[in-house]
Amino acid sequence: MSRLDAVSGTKFDVLVIGGGIVGAGVARDAAMRGLRTLLVEMSDFASGTSSRSSRLLHGGLRYLAQGRLGLVREASLEKMRLSRLAPHLCRPLSFVFPVWKGGPWGLWKLSAGVRVYDLLCGGRNLGRSSTLRAAELLGEVPGLREEGLRGGVRYFDGFTNDARLVIDTLRSAAACGATVMNYARLVAAERAGDGWRVAVRDELAGGLREFEARTVVNAAGAWAEGLGPSRVRLRLTKGVHLVVRQAELPVSHAVVLSEGRRILFAIPWGERVILGTTDTDYSGDPAAVRTEACDVEYVLGVVNEAFPRARLEPGDLVATWAGVRPLIASGREREGAPSDISRSHRIRVAAPGWIDVAGGKLTTYRLMAEQAVDRLGEFLRPRPPASRTAEAPLEAAAAGLSGLLPPPVTREVVRRCCREEWAVHLDDVMLRRTSWHFYHPEQAEMAGRVAEWMAPELGWDAARLRQERERYGEAAEFATAGAPE
């Protein structure tokens with residue numbers, strides 16, 4: 001029996017296409033306003049961009065250098081808001097930005113910039129920024145290249161768990177009455193009367209069902225172009241992250257590393273350190289993006305130049321991940337370097353009752369969702385009430401599941417993922433619900449144990465167990481391509 005049968009015949013106020021962070025935010029906002037909401041995601045929740053970020057909630061210090069004060073203030077205020085609404089998924093993180101002689105970043109400009117950055121957070125950031133002399137900097141970040149080091153600055157942003165933020169947002173949406181479905185693909189949409197008739201296919205059990213929706217929100221991210229009457233035009237850029245053991249690069253602060261005007265981060269993550277990200281144009285299938293050997297060489301080269309004693313090599317990698325950013329295309333033939341493209345978002349009415357939401361960043365997802373549902377109000381009568389997501393705390397998962405570090409590897413965690421968090425495949429658990437794949441070096445052995453625990457929960461026989469291990473192997477190959485075997 002298809003899951004779609006349970007909601008067949010329901011006329012929804014809002015259909016949300018896309019189960020990433022923006023779609024999840026829209027579903028929660030709409031449901032909290034009392035709207036009958038259905039969200040469909042063609043793959044797993046957060047399986048696209050929303051589980052492949054740098055895991056930062058930030059205003060964007062480099063955008064300040066580009067003069068985009070409005071974008072920085074908007075994101076900074078949202079960062080502060082999320083730190084209050086979801087404290088289980090937002091930890092203050094200190095960033096140290098070293099400055100070397102001859103580099104593109106001037107120390108006095110950075111010192112002034114981080115103070116402005118604090119002010120744009122509403123006058124009070126997650127911590128107070130400061131300027132560090134070279135000796136102070138080396139005390140905070142041992143192992144930095146000493147030659148030419150002039151000093152640096154310290155400022156604060158937030159660290160999160162991107163995939164868990166999606167799941168907890170969806171759990172909150174469901175608690176408010178929204179219906180959310182992963183592995184449910186939109187295959188057709190057409191205007192019908194004063195609303196939309198849409199066809200959705202259940203990718204798990206099969207079966208195609210038609211629904212009526214008064215309004216539609218296209219929040220499909222990198223897949224948003226070409227859906228229904230969508231007018232989204234995107235420029236995709238690729239971002240790669242590497243994971244190494246903390247023992248290989250013992251940093252207690254996030255360290256900002258510049259390569260020309262580009263910046264990368266070394267971000268402490270428990271017993272691991274996340275290195276990244278790249279920012280290069282990408283024209284392939286968003287689902288096929290992967291870490292290449294040249295990406296590994298580039299990131300490790302920047303890190304090793306800043307930490308000459310680290311001598312990191314591809315063999316030191318625990319895991320990698322790669323994703324695409326769905327940036328808004330300007331329409332100009334020459335748009336400049338990917339790093340210069342604005343991370344602002346756009347909400348556009350593509351047709352009566354059809355809203356496209358594009359661009360933006362993880363940090364501003366709640367605001368994007370609020371603005372999108374506000375626009376839907378133009379096509380709904382009675383007009384829905386005002387959004388409450390700026391004040392309502394995000395519902396946390398059960399103890400042990402929702403947090404910034406991977407949960408313990410236990411049968412109970414797996415059971416909860418299957419029963420409470422829509423996990424239906426092995427890679428759903430290993431890559432997105434728990435991050436076990438990216439944290440633990442013995443992924444293959446662990447995946448076999450997790451599959452055995454999932455089998456009785458989901459009724460898998462021996463053949464299905466083999467299929468799930470093969471599926472996970474393929475997903476893991478994309479996740480860790482470029483890393484040594």
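Tutor: Let's start with a word we'll lean on: contact means that heavy atoms lie within 4.5 Å. This is a predicted model, where local features need pLDDT of at least 70 and side-chain atom pairs count only at pLDDT 80 or more, while totals for chains, interfaces and linings use all residues. Residues are numbered from 1 along each chain as its sequence is written, and side-chain values use heavy atoms, with hydrogens and water left out.

Student: Okay, which residues is Phe-45 in contact with, leaving aside its neighbours within four places in sequence?

Tutor: Quite a list: Gly-19, Leu-39, Val-166, Ile-167, Leu-170, Val-180, Met-181, Asn-182, Trp-422, Arg-432 and Arg-433. Phe-45 itself is in the loop between β2 (37-40) and β3 (56-57). Helices (H or I, at least four residues) and strands (E, at least two) are DSSP runs, numbered from the N terminus.

Student: What makes Phe-45 buried?

Tutor: Check the cut-offs: buried means under 20% relative accessible area, exposed over 50%, and partly exposed in between, using a 1.4 Å probe and protein chains only. Phe-45 has a relative accessible area of 0%, so Phe-45 is buried.

Student: And why is Pro-385 called partly exposed?

Tutor: Its relative accessible area is 47%, which falls between the two cut-offs, so Pro-385 counts as partly exposed. You'll find Pro-385 in the loop between α8 (365-376) and α9 (411-420). Pro-385 and Arg-33 sit 352 residues apart in sequence but 5.9 Å apart in space, C-alpha to C-alpha.

Student: Is Thr-169 buried or exposed?

Tutor: Thr-169 is at 0% relative accessibility, so it counts as buried. Thr-169 belongs to helix α6 (residues 162-175). Not counting residues up to four places away in sequence, Thr-169 touches Ile-21, Ala-24, Gly-25, Arg-28, Tyr-365 and Leu-394.

Student: How do you know that helix α10 is mostly covered?

Tutor: Helix α10 (residues 426-433) has eight of its eight residues buried. Among them are Asp-427, Asp-428, Arg-432 and Arg-433.

Student: What is special about phi of Ser-435?

Tutor: Ser-435 has a positive phi of about 65° although it is not a glycine. Most residues other than glycine have a negative phi, and most peptide bonds are trans. Ser-435 is in the loop between α10 and α11, and at 1% relative accessibility Ser-435 counts as buried. Trp-422 also has a positive phi, near 65°, but Trp-422 is partly exposed at 22%.

Student: Which peptide bond ending at a proline is cis?

Tutor: The one from Arg-381 to Pro-382, with omega near 0°. The bond from Gly-276 to Thr-277 is cis too, with omega near 15°.

Student: How many aromatic pairs does a search of the whole structure find?

Tutor: Nine. Rings of Phe, Tyr and Trp (its six-membered ring) pair if their centres lie within 6.5 Å; planes under 30 degrees apart count as stacked, over 60 as edge-to-face and the rest as tilted.

Student: Why is the pair of Trp-321 and Phe-438 called edge-to-face?

Tutor: The centres are 5.2 Å apart, within 6.5 Å, and the planes are 75° apart, over 60, so this pair is edge-to-face. Trp-321 lies in strand β16 (residues 317-328) and Phe-438 in helix α11 (residues 436-439), so the pair ties together parts that are 117 residues apart in sequence. Both Trp-321 and Phe-438 are buried.

Student: What makes α3 and α4 oblique to each other?

Tutor: Helix α3 (residues 69-85) and helix α4 (residues 107-120) pack at about 60°, with their axes 8 Å apart. Axes are lines fitted to C-alpha atoms, for helices over the stretch in contact, and angles run from 0 to 180 degrees between N-to-C directions. Angles under 35 degrees count as roughly parallel, over 145 as roughly antiparallel, 65 to 115 as roughly perpendicular and the rest as oblique. About 60° belongs to the rest, so α3 and α4 are oblique. Residues making the contact include Leu-69 and Val-72 of α3 and Tyr-117 of α4.
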